Amino acid sequence: MAPAVGLIGWFVYGFVLWTLYISFTNSKILPKYELWGVGQYVKLWGSRKWLIAVDNLLIFTALFLIFCVVIGIILAIFLDQKIRAEGVLRTIYLYPMALSFIVTGTAWKWILNPTLGIQKMFIDWGFENFTFDWLVNREMAIYTIVIAGVWQSAGFVMALFLAGLRSVEDEIVKAAKIDGANLFTVYWKILLPMMRPVFFTSFVILVHISIKSYDLIVALTQGGPGISTTMPALYMTQTAFHKSQVGLSAASAMMMFMAVAAVIIPYLYSELRRENAR
Amino acid sequence: MQDKTHSSYKQLEQKSKYTNMFLRWFLYFVLVIFALYFIFPLYVMVVTSLKTMEEIRQGTLLTWPSGLNFDSWLVAWGGRGYGAGDTFLKPYFWNSIKMVVPAVFFSTFIGAMAGYVLTKWRFKGDKWVFLFLLFGCFIPYQAILLPMARTLGVLGISNSVIGLVLVHTVYGIPFTTLFFRNFYVSIPSELVKAARIDGAGFFKIFFKILLPVSTPIIVVTIIWQFTQIWNDFLFGSTFSFGEAAPIQVALNNMVLSSTSVKEYNVDMASAIIAGIPTLIVYVLAGKYFIRGLTSGAVKG
């Protein structure tokens, strides 16, 4: 026990506090320890790149959440209908979770590249004016990250909802059917409202994945074209390790930390309360 | 009268049979479409890796390769055999193995111990300690990268496999503790109490009573940790470069280094090589993988 608490205390909490402290200093390449006030935060929120990163994060999070949850629920409900080959289908929907974002990002980068990828496929099929250049288009590149991200994580939401649906007692569904409810009503009015905790869990996990998303962007766009697909996690590492602005990057890391904490702490608190109630 | 209702009932039954059949077809149709969408990138990866660059330029993403041509796999794994600038995955694959095995072992062991204490040697405030550890699952690692880089430097293990083992062990503990704690909570404490009365010590109880029944959760934990650590890119790319890099970092460098002509077939073969260990584990032990995934999310 002691080793676990000690290691986490030092390497998680101690380190976060260190980062917090550094974010209030004027550290460049090497950390300096005299306090400098909130200058780094002022600089951060005045930086165009950071604002683009936050903007991208909001777009990505919203779309990522919506698509993952909708696809996940559809797949879970459909798979719940005594489907033949359910095991095989489930395996297919979930396998992206076993792969790294670098592996899948490499694949998507190849699929989405305009010269030899999907665009060429459609042109060769006779759609001569077909264009699909999102990957190299400043305005659209962020949506390619959504496509790859949803592809990777939708199966996870499916697994959560399938587990949730399977834990509902058959009696409830049977009783509703005897009362004349059709399948649609059963799901819409009875089962989905019962899945509130699963919605909540999916929301927390997906938001937290999207705030932390880093690998996928590195593999797919490196934040480009230009800086159009920068996200906070990428901003932080670039500022720290390429631009050597340690203080500024610490400030951006703390912003990320607070965003995650704002979502996670209420979640952990409610989970703990639920467990205590049992 | 009697007859009429009977026939209309039959009609109704017939009709609902048709709608039912239509619904079933619709169901399978949607499920298969999604299956194709999920399979598509993997299919493209595999066929592209088996083509020559000439075939790639002439066909489309979906075109079947002309034959089983593993040349790009050999290049991805072992290089082209000329000196400078010839990057290939083999040494990095071994780096990853050397990193994963000890990191999985240590994090699993420490997590098992912590889970054991939290459930069987309960103390005042243990819930808070659990919460304290659990929060570590979620912190954005950006908030610890800078001090970690300094610490590894001070310890003299920056840019080394040992450094990465330390990092992955430490940040794996919250997950492994969560798994074991949730597993041990469901094991009756009476046995432990009885053993304690008989004078069995802390370690003896763990090894004689809990460990023998822990196989499923050990499997879940090992698979989870293996997948996470093998797939990690953030720590690997921050704390190592050059020769000490793990495979994901090497893959990314290979794909990004566009010195001459882009060889997509080699890129795809490299991506498959980097992904195959976790994919095999997933196919063989999917049940345990999913259990890890869902219990990583649904606590208690």
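Let's start with a distance inside chain B. The C-alpha centres of its domain 1 and domain 2 lie 38 Å apart. This is a predicted model, so keep that in mind throughout.

Where are the two domains? Domain 1 of chain B covers 2-69. Domain 2 of chain B covers 90-297.

They do touch. Domain 1 of chain B puts eight residues into the contact, and domain 2 of chain B puts in seven residues. Look at the domain 1 side. Two elements of chain B give two or more residues there: α1 (2-49) and α2 (53-58). The largest share comes from α1(B), with four residues. What is the chemistry of that side? Four residues are nonpolar, three are polar and one is charged.

Now zoom out to chain B as a whole. How many helices and strands does chain B have? There are 14 helices and zero strands. So reading along the sequence of chain B, you meet helix after helix, as the definition of these elements would label them.

Next, the overall dimensions of chain B. The radius of gyration of chain B is 27 Å. A compact globule of 300 residues would be near 19 Å. Along the principal axes, the C-alpha trace of chain B spans about 80 × 75 × 35 Å. Of the 300 residues in chain B, 44% are buried.

What about contacts along the sequence? Take contacts in chain B between residues at least 6 apart in sequence. Of these, 76% join residues at least 24 apart.

On to chain A. Chain A has 13 helices and zero strands. Its pattern along the sequence is written with α throughout. The C-alpha trace of chain A spans about 70 × 65 × 30 Å along its principal axes. Chain A has 278 residues, and 44% of them count as buried. For contacts in chain A between residues at least 6 apart in sequence, 68% join residues at least 24 apart.

Now put the chains together. How many residues does each chain give to the contact between them? Chain A gives 75 residues and chain B gives 67 residues. Stay on the chain A side. Which helix gives the most there? Helix α13 of chain A, residues 246-277, with 13 residues. By class, the chain A side has 58 nonpolar residues, 10 polar and seven charged.

That brings us to the core. The largest nonpolar core has 167 residues. Some residues have the most contacts inside this core. In chain A they are Met158(A), Phe161(A) and Met256(A). In chain B they are Leu89(B), Ala143(B), Ile144(B) and Leu251(B). Helix α7 of chain A, residues 141-166, gives the most to this core, with 16 residues.

Why does this core lie between the two domains of chain B? Because domain 1 (2-69) and domain 2 (90-297) of chain B both give residues to this core.

One residue to click on before we stop: Phe161(A). Leave out residues up to four places away in sequence. Then Phe161(A) touches Gly72(A), Ile73(A) and Ala76(A). Phe161(A) also touches Met195(A) and Val198(A).

To recap. Chain B has two domains with C-alpha centres 38 Å apart. The contact between the chains takes 75 residues from chain A and 67 residues from chain B. And the largest nonpolar core, with 167 residues, has residues from both chains among those with the most contacts inside it.

Notes
Residues numbered from 1 in each chain as written. Chains lettered and ligands numbered in written order. Predicted model: local features only at pLDDT ≥ 70, side-chain atom pairs only at ≥ 80, totals over all residues. Domains from an automatic or database assignment. Contact = placed C-beta atoms within 7 Å. Nonpolar A, V, L, I, M, F, W, Y, C, P; charged D, E, K, R; others polar. Core = buried A, V, L, I, M, F, W, Y, C linked by C-beta atoms within 7 Å. Buried ≥ 20, exposed ≤ 12 C-beta atoms within 10 Å, placed from the backbone. Rg over C-alpha atoms; globule rule 2.2 N^0.38 Å.
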